Amino acid sequence: QVQLVESGGGLVQAGDSLRLSCAASGWRVSRYAMGWFRQAPGKEREVVATISWDGDTTYYADSVKGRFTISRDNAKNMAYLQMNSLRPEDTAVYYCAARFFSGVPTAQALGVTPFDYWGQGTQVTVSS
């Protein structure tokens, strides 16, 4: 069974850090782009950060640039999102996702192309 499972969410204070992890099981994601998305209450889901299969190309939403870092470890079939300097507006359910691209996508493509495979999400709550 193909699965993406997020972990690492929780309740933190503004200015704190969290590291989210995404574990893929039932398949190898080494040839898939991976991404982190989030959905806050009453808002649409939005892209946070995405990374190409080889890790060389990334995309970040403007709201998280300089604070969040996406990475991956293909040997472990994992993706990560390091979140620093968290703000109350970062509060949301964070989802891991994957998508196959033929070739290496551009950063723009990583930012706008819909992803196909999704995890169940992990809650991140940042208190002020």
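# Strand pairing, disulfide and salt bridges

T50 has Y59 in strand 6 as its bridge partner. The model is predicted, and the strand that carries T50, strand 5, spans residues 46–51. Strand 5 pairs antiparallel with strand 4 and also antiparallel with strand 6. The structure further holds one disulfide and five salt bridges, and an open sheet of four strands is present.

**Strand 5 and its neighbours**

- Five of the six residues of strand 5 are buried, so this strand is largely enclosed by the rest of the structure.
- On one pairing, strand 4 (residues 32–39) is joined to strand 5 by five bridges, and the two run antiparallel.
- Within that pairing, R38 stands opposite E46 of strand 5.
- Strand 4 and strand 5 form a hairpin with six residues between the strands, in which G42 adopts a positive phi near 80 degrees.
- On the other pairing, three bridges connect strand 5 with strand 6 (residues 58–60), again in the antiparallel sense.
- The hairpin of strand 5 and strand 6 has six residues between them, and G55 in its turn shows a positive phi of about 80 degrees.

**The open sheet of four strands**

- The strands of this sheet follow the order 1-3-8-7, with antiparallel pairing.
- Strand 1 (3–7) and strand 7 are the edge strands, each pairing on one side only.
- On average, neighbouring strands of the sheet are turned by 15 degrees against each other, direction ignored.
- Six bridges hold strand 7 and strand 8 in antiparallel pairing.
- D73 finds its bridge partner in M78, a residue of strand 8.

**Positive phi outside glycine**

- N77 occupies the loop between strand 7 (68–73) and strand 8 (78–83).
- The phi angle of N77 is near 60 degrees, a positive value in a residue other than glycine.
- Buried residues have under 20% relative accessible area; N77, at 6% relative accessibility, therefore counts as buried.
- S85 is located in the loop between strand 8 and strand 9 (92–100).
- S85 likewise is a residue other than glycine with a positive phi, here near 50 degrees.
- With 41% relative accessibility, S85 counts as partly exposed.

**The disulfide**

- C22 and C96 are joined by a disulfide, with an S to S distance of 2.0 Å.
- The link of C22 and C96 is left-handed, with -75 degrees about the S-S bond.
- C22 belongs to strand 3 (residues 18–25) and C96 to strand 9, so the pair ties together parts that are 74 residues apart in sequence.
- C22 counts as buried at 1% relative accessibility, and C96 is buried with a relative accessible area of 0%.

**Salt bridges**

- R38 and E46 form a salt bridge in which the closest N and O atoms are 2.7 Å apart.
- The residues R38 and E46 thus appear in two roles, since R38 also stands opposite E46 across the strand pairing.
- R38 is buried, with a relative accessible area of 6%, whereas E46 is partly exposed at 36%.
- A network of salt bridges links R38 and E46 with R67 and D90.
- D62 forms a salt bridge with K65, and their closest N and O atoms are 3.1 Å apart.
- D62 is exposed, having a relative accessible area of 63%.
- In the salt bridge of R99 with D116, the closest N and O atoms lie 3.7 Å apart.
- This pair links distant parts of the chain: R99 is in strand 9, while D116 is in the loop between helix 1 (107–112) and strand 10 (117–118), 17 residues apart.
- R99 is partly exposed, with a relative accessible area of 21%, and D116 also counts as partly exposed, at 44% relative accessibility.

Notes:
Residues numbered from 1 in each chain as written. Predicted model: local features only at pLDDT ≥ 70, side-chain atom pairs only at ≥ 80, totals over all residues. Heavy atoms only, no water. Buried < 20%, exposed > 50% of the residue type's maximum accessible area, 1.4 Å probe, protein only. Disulfide = S-S within 2.5 Å. Pairing = 2+ DSSP bridges. Salt bridge = Lys/Arg side-chain N within 4 Å of Asp/Glu carboxyl O. Axes fitted to C-alpha atoms, helices over the stretch in contact; angles between N-to-C directions.
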